[in-house]
Amino acid sequence: MTFSRAIKIAPSILSADFANFGAEIRAIEAQGADWVHVDVMDNHFVPNLTFGPALCRAIRPHIKTVMDVHLMISPVDAFITAYAEAGADVITAHLEAGPHIHRTLQAIRGTGKKAGLAINPGTGIDAVAHLLDLTDLVCVMTVNPGFGGQKFISSQLDKICALRAMIGDRPIHIEIDGGVTIETAPLVTAAGADILVAGSAVFAGGSAENPAPYGTNIAALRRAAQTAAT
Ligand code: DX5
Ligand code: ZN
């Protein structure tokens, strides 16, 4: 993957039909998705439970773009190899998931995958400064993790601006996750983000059998994001 800061839309399959992941993934990619965002939750780090490495392995053959695995789990280190072997292209761990995030990022890089660092709304970016040499993507949570369809936390916009300044011209993506809509998309790209995760805003009104709304939603998000991209 060569680095580009061009705007990318990464639908989260947390909002997809759980009985139809393969068809849903083929549909969103055919309708313009740039990445596929996979929300792994353990009902310990976040108050929800989704899916494990076996599901990631099962959906990998249906993903032609990038499998962007967001690990909302703690402890996380024991599972890094399993998600790498399941086919993840990007493995994102939460800074808050344990005491040794530096070692976690080293372990992700050690699998040969891209390393993502996610930070919750309550977490500042000071610690990120010491991790940039091990990071390919910083995921700024704009909701408290655990569920789709939540309201965007606008206080995070200042954090995104500050993070963009800290990153400078390093090849590190800024991914925004939570409450991304056509209203909030331009706010986050104006602040310096380049990858927009969207669950409810992409899957609204469509289905694998009726995927056209997915394309309309993705195109609308991209248009809104590009109006303000820095
Ligand atoms: C929340 C997840 C997000 C969520 C996004 O914990 O990490 O990826 O699925 O869903 P929306 O776009 O509906 O906020
Ligand atoms: Zn996510």
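Which residue has a side-chain N or O atom 3.1 Å from an oxygen atom of ligand 1? That's Ser-12. Keep in mind as you look around that this is a predicted model.

**Around ligand 1**

Let's stay with ligand 1 for a moment. There are 20 residues surrounding ligand 1, and the closest are Asp-39, Gly-146, Asp-177, Gly-199 and Ser-200. Here are some of the polar contacts.

| Residue | Part of the residue | Distance to an oxygen atom of ligand 1 |
|---|---|---|
| Ser-12 | N or O atom in the side chain | 3.1 Å |
| Gly-149 | polar backbone atom | 2.8 Å |
| Ser-200 | polar side-chain atom | 2.5 Å |

How much of ligand 1 does the protein bury? Taken alone, ligand 1 exposes 380 Å², and the protein buries 99% of that.

**The zinc ion**

Now move over to ligand 2, a zinc ion. What does the protein offer as donors to the zinc ion? You'll find His-37 using NE2, Asp-39 using OD, His-70 using ND1 and Asp-177 using OD, and they lie 2.1 to 2.3 Å from the zinc. Two of these names may ring a bell: Asp-39 and Asp-177 are also among the residues closest to ligand 1.

Along the chain, the donor residues follow the spacing H-x1-D-x30-H-x106-D. His-70 and Asp-177 link distant parts of the chain: His-70 sits in strand S3 (residues 67-72), Asp-177 sits in strand S7 (residues 173-177), and the two are 107 residues apart.

Why is the arrangement around the zinc ion called octahedral? Because the 6 donor atoms around the zinc subtend angles of 71 to 172 degrees. As for cover, His-70 is buried, with a relative accessible area of 1%, and Asp-177 counts as buried too, at 6%.

**A cluster of rings**

Finally, have a look at the aromatic rings. The model has 5 aromatic pairs. One of them joins Phe-18 and Phe-21: the ring centres are 4.8 Å apart and the planes make an angle of 50 degrees, so the pair counts as tilted. Phe-21 also pairs with Phe-51, this time edge-to-face, at 5.6 Å centre to centre and with 90 degrees between the planes.

Phe-21 lies in helix H1 (residues 21-30), while Phe-51 lies in the loop between strand S2 (36-41) and helix H2 (53-59), so this pair ties together parts that are 30 residues apart in sequence. Together, Phe-18, Phe-21 and Phe-51 form one aromatic cluster.

Which of these rings are buried, and which are partly exposed? Phe-21 is buried at 7% relative accessibility, and Phe-51 is buried at 9%. Phe-18, with a relative accessible area of 43%, is partly exposed.

Note on methods:
Residues numbered from 1 in each chain as written. Chains lettered and ligands numbered in written order. Predicted model: local features only at pLDDT ≥ 70, side-chain atom pairs only at ≥ 80, totals over all residues. Heavy atoms only, no water. Donors = N, O, S within 2.8 Å, 3.2 Å for Na, K, Ca; no water. Tetrahedral: all angles 85-135°; square planar, octahedral: opposite > 155°, others 65-115°. Helix = DSSP H or I, 4+ residues; strand = E, 2+ residues; numbered from the N terminus. Buried < 20%, exposed > 50% of the residue type's maximum accessible area, 1.4 Å probe, protein only. Phe/Tyr/Trp six-rings, centres within 6.5 Å; stacked < 30°, edge-to-face > 60°. Near = heavy atom within 4 Å. Polar contact = N/O pair within 3.5 Å; in protein donor to acceptor, adjacent residues only side chain to side chain. Areas by Shrake-Rupley, 256 points an atom, 1.4 Å probe, with all protein chains shown as cover.
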